[in-house]
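Hi,

Here is the structure I promised to pass on, with some notes on what turned up in it. Please have a look at it first, then read on.

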Amino acid sequence: MKKILKFVAAAAMATLAWMPAQAQDKSVKIGTMGWEDEKTITLVTKKFLEKQGYKVDVTEFSEWGIAFAALEKKDVDLMVALPDYVTSDYWQKNRKKLEKVSVVSYGNYQTLAVPSYMKIDSIDQLNTVSDQVGGKIIGIEPGSGIMRDAARAVDEYKLNYQIVEGSTAAMVAQLQSAIERKEPIVTMLWDPSWMMHKFDVKFLKDPKKVFPPTQSYYWIANKGFSAQNPELRANISTVFLPIGDIGQMCIEMADGKTAEQAADDWWAANTSVVEKWSIQ
């Protein structure tokens, strides 16, 4: 009997010694992409989690493939993605190892776009202006969801075009140059984005529905994250940013604010919203 009591006492002391260390382990590593919408969602969430007592480290990635690999290797714990469409290739490849934690926003849309002064309104009219733009659709980083969907559109609509790979920055430079000269250009854009507000452009209609419908942003993590981190998961799931607010922060960044400044200013103007997020 004495041996049993000694064992129980020892186990209790070990548990007590372990619990404070666990309680103090409130750190989280978040991955993000360099795009304005991803960064603002991440930075606002970072501020909220820090308010809840977490230590938050943010790592920025240049490509979705690198970001998903880092998540799988647990170099980061969480990241914002659009797994249903934009990042569906990476999600499908890794879905047995990953989980959707919660929706953090809704309203992302992306498709082909042209300046508003061009006299076409639909993707199925693009062949009528192919000669004007040299048969080129100006693209962004290879491997992104919109590039994949644009390639499908070329096939589905039998477009006489080639997609030019590059970077978002290079695409923006070409779009701005074309608009300043009132020249035709075909490219790809998304909303929320400061580009949709700064440039006089329009989305082309997609009658074949090649491009995805309006999408949700999710926090995603490795399988089992929610069960292993119930408090963190509960905090994360209370965060929701309206798509219009994300778009406004993107515009402010285009006007000269850093992502941190845009997120801080949103936070200061929305303290009543933030208070409703708290689970404590």
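Strand E4 (residues 98-115) and strand E9 (residues 215-222) run antiparallel and are joined by eight bridges. Keep in mind throughout that this is a predicted model. If you want a place to start looking, take Leu98, which stands opposite Asn222 in E9.

E4 has other partners too. Five bridges pair E4 with strand E7 (residues 187-191), again in the antiparallel sense, and there Thr111 has Leu189 as its bridge partner. Strand E8 (residues 201-203) is joined to E4 by three bridges and also runs antiparallel to it; in this pairing Val114 faces Lys202. How much of E4 is covered? Of its 18 residues, 14 are buried, so the strand is mostly covered, with buried meaning under 20% relative accessible area.

Next, the helix that packs against E4. Helix H6 (residues 168-180) has 13 residues, which at 1.5 Å a residue should span 18 Å, and its end C-alpha atoms are indeed 18 Å apart. Which residues of H6 are buried? They are Thr168, Met171, Val172, Leu175, Ala178 and Ile179. These residues lie on the same side of H6, because they cover an arc of only 130° around the axis. The general rule behind such a pattern is that an α-helix has 3.6 residues a turn, so residues three or four places apart point the same way. On the other side of H6, the exposed residues are Ala169 and Glu180.

What do the buried residues of H6 pack against? Their contacts are with E4, strand E5 (136-138), E7, helix H7 (195-198) and E8. E4, E7 and E8 are therefore strands you have already met above, as E4 pairs with E7 and with E8, and the buried residues of H6 pack against each of them. After H6 comes Lys182, with a positive phi near 55°.

Finally, the empty space. The structure holds one cavity of 30 Å³ or more, and the largest cavity has a volume of about 150 Å³. Its lining is made of 13 residues, and those nearest its centre are Trp35, Val86, Asn108, Gln110 and Trp190. Helix H2 (36-51), E4 and helix H5 (145-156) each give at least two residues to the lining of the largest cavity. E4 thus comes up in this part of the story as well.

Happy to talk any of this through once you have had a look.

Best wishes

Conventions. Residues are numbered from 1 along each chain as its sequence is written. This is a predicted model: local features need pLDDT of at least 70, side-chain atom pairs count only at pLDDT 80 or more; totals for chains, interfaces and linings use all residues. Side-chain values use heavy atoms; hydrogens and water are left out. Buried means under 20% relative accessible area, exposed over 50%, partly exposed in between (1.4 Å probe, protein chains only). Helices (H or I, at least four residues) and strands (E, at least two) are DSSP runs, numbered from the N terminus. Two strands pair if DSSP finds at least two bridges between them. The expected span of a helix is 1.5 Å times one less than its number of residues. The arc is that of the directions from the helix axis to the C-beta atoms. Contact means heavy atoms within 4.5 Å. On a 1 Å grid over the protein atoms alone, a cavity is a set of points where a 1.4 Å probe fits but cannot get out, and a pocket is an open set with protein on both sides within 12 Å along at least five of seven lines; lining residues have an atom within 4 Å of a point. Grid points are joined across faces, edges and corners, and a volume is the space filled by probe spheres set on the points.
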